[in-house]
Amino acid sequence: MEELRQLCKHASDVKISVGMLDSDTKDRVLTDAAAALIASEEAILKANEEDIERAKSNHMPDGLLDRLTLNHDRIAGMADGLRQVAALDDPIGEVLSMKKRPNGLIIGKRRVPLGVIGIIYEARPNVTADAFALCFKTGNCVILKGGSDAICSNIAIVDALKSALVKNHVTESALSLITSTDRSTTMEFMKMDEYVDLLIPRGGHGLIQNVVKNATIPVIETGTGNCHIYVDAEADLPMAVRIIKNAKTQRIGVCNACESIVVHKSVEKEFLPMLYEALSPKNVELRTDASALACLGNDHLLVKEATEEDWGTEYLDYILSVKTVENIDEAIEHINHYTTHHSEAIITNNYDRAQHFLDAIDSACVYVNASTRFSDGNEFGFGAEIGISTQKLHARGPMGLEALTSYKYIIYGNGQIRE
């Protein structure tokens, strides 16, 4: 474990100098890193093929395999994300407030980097580039611990990104990748609080809870997404079908995909057959309560009765749970009970119910008449995201640049002493 300790120590040793880099240097590194990704596409895709072959032999589920897979467009998207972050305003050094006290002291609040940020994540190689972009733009050093399933892809991507650091004479310790795939290494990394200032896990429920329970480093908990869409009594039903189809099937292996439908009883007989017809070409299985099952009939191959476990499951698959309710308060109660506090939506033309839903739902992102798939740093105008926080301390929802900063108080005086 000495190698891991030294890697973390090197990052800690240079965090002050990285935090003091000027905006032009940081933006130049990110722009060059984008070009390096494009130039390294062949090597990255070859490495990714190794990961894909190994994942298939290990029978990785389709949703997770989709997350692991890279192609020309996805590498171009990663590069574009780097360029977008470079184009964003640099938050470091921003003065958040400045006040003069009666004794003449001028007390200001200035945004500063957090220091060294550790990211533990699963088979999502795009996170490698996004994490570097956001951490580096905010003057933070980043230490990455990706999943073993993506190790070849991550090594190739980090090699490309580091070439931009070298080109601009910036220390390579601003970006580190832990290449050991041993679980014991991950456990040791979680306890490097002497050197690492913040830990962010990205992945499934098991990974996140393992980090939360075992880390001695402060953790921002990014959550799994049991995302709900409630179809109200006054919903535009064709619009509801379009939104749910998008939220469920546009990309199944992501945390902002819809997993659970809640339907007002007054519209279920009209709405559920419409929904089934729209989703059946995609082979989406509906796991329903007894009322919905009676509307659809259990002779459909893609309809079955739900169990208690279904209401709280993030499927990451072509499966939806369907719950019917008598009113909006019952819908809110159901959602707040089973939510992972990620993203929920209401489909309604009733303003008062929309506002009530926005107020009462306890999740990071709450939508009215829109797909939950928009819960994303890029879609929110952040350029990229480090993750979607489902907790309430420090950061919540898609985490962009500001979520990776802290602040310090700066005080100007002219000889004041405290009496």
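User: Before we look at anything, what does it take for two strands to pair?

Analyst: Two strands pair if DSSP finds at least two bridges between them. Keep in mind that this is a predicted model. Here, strand β2 and strand β16 (residues 405-412) are joined by eight bridges and run antiparallel. Pick out Gly-108, for instance: its bridge partner in β16 is Ile-410.

User: Which sense, parallel or antiparallel, do β1 and β2 pair in?

Analyst: Antiparallel: β1 (residues 95-100) pairs with β2 (residues 106-113) over five bridges. One of the partnerships to find is Lys-100 with Ile-106 of β2.

User: And what sits between those two strands in the hairpin?

Analyst: The hairpin of β1 and β2 has five residues between the strands, and Gly-104 takes a positive phi near 95 degrees there.

User: How should I think about side chains on a strand?

Analyst: In a regular strand, side chains alternate between the two faces of the sheet. For a case to look at, take Met-98, which lies in strand β1.

User: Why does Met-98 count as partly exposed?

Analyst: Because its relative accessibility is 40%, and partly exposed covers the range between buried, under 20%, and exposed, over 50%. Met-98 also helps make a nonpolar surface patch of about 340 Å², together with Val-95, Ile-106 and Tyr-412.

User: Let's try another strand. What does the side chain of Glu-285 make a polar contact with?

Analyst: Glu-285 is in strand β9 (residues 285-288), and its side chain makes a polar contact with the side chain of Arg-287, at 2.5 Å. Leaving aside neighbours within four places in sequence, Glu-285 is in contact with residues including Leu-302, Lys-304 and Tyr-318.

Technical notes
Residues numbered from 1 in each chain as written. Predicted model: local features only at pLDDT ≥ 70, side-chain atom pairs only at ≥ 80, totals over all residues. Heavy atoms only, no water. Helix = DSSP H or I, 4+ residues; strand = E, 2+ residues; numbered from the N terminus. Patch = residues over 30% accessible without salt bridge, like charges linked within 9 Å, V, L, I, M, F, W, Y side chains within 5 Å. Areas by Shrake-Rupley, 256 points an atom, 1.4 Å probe, with all protein chains shown as cover. Salt bridge = Lys/Arg side-chain N within 4 Å of Asp/Glu carboxyl O. Buried < 20%, exposed > 50% of the residue type's maximum accessible area, 1.4 Å probe, protein only. Polar contact = N/O pair within 3.5 Å; in protein donor to acceptor, adjacent residues only side chain to side chain. Contact = heavy atoms within 4.5 Å.
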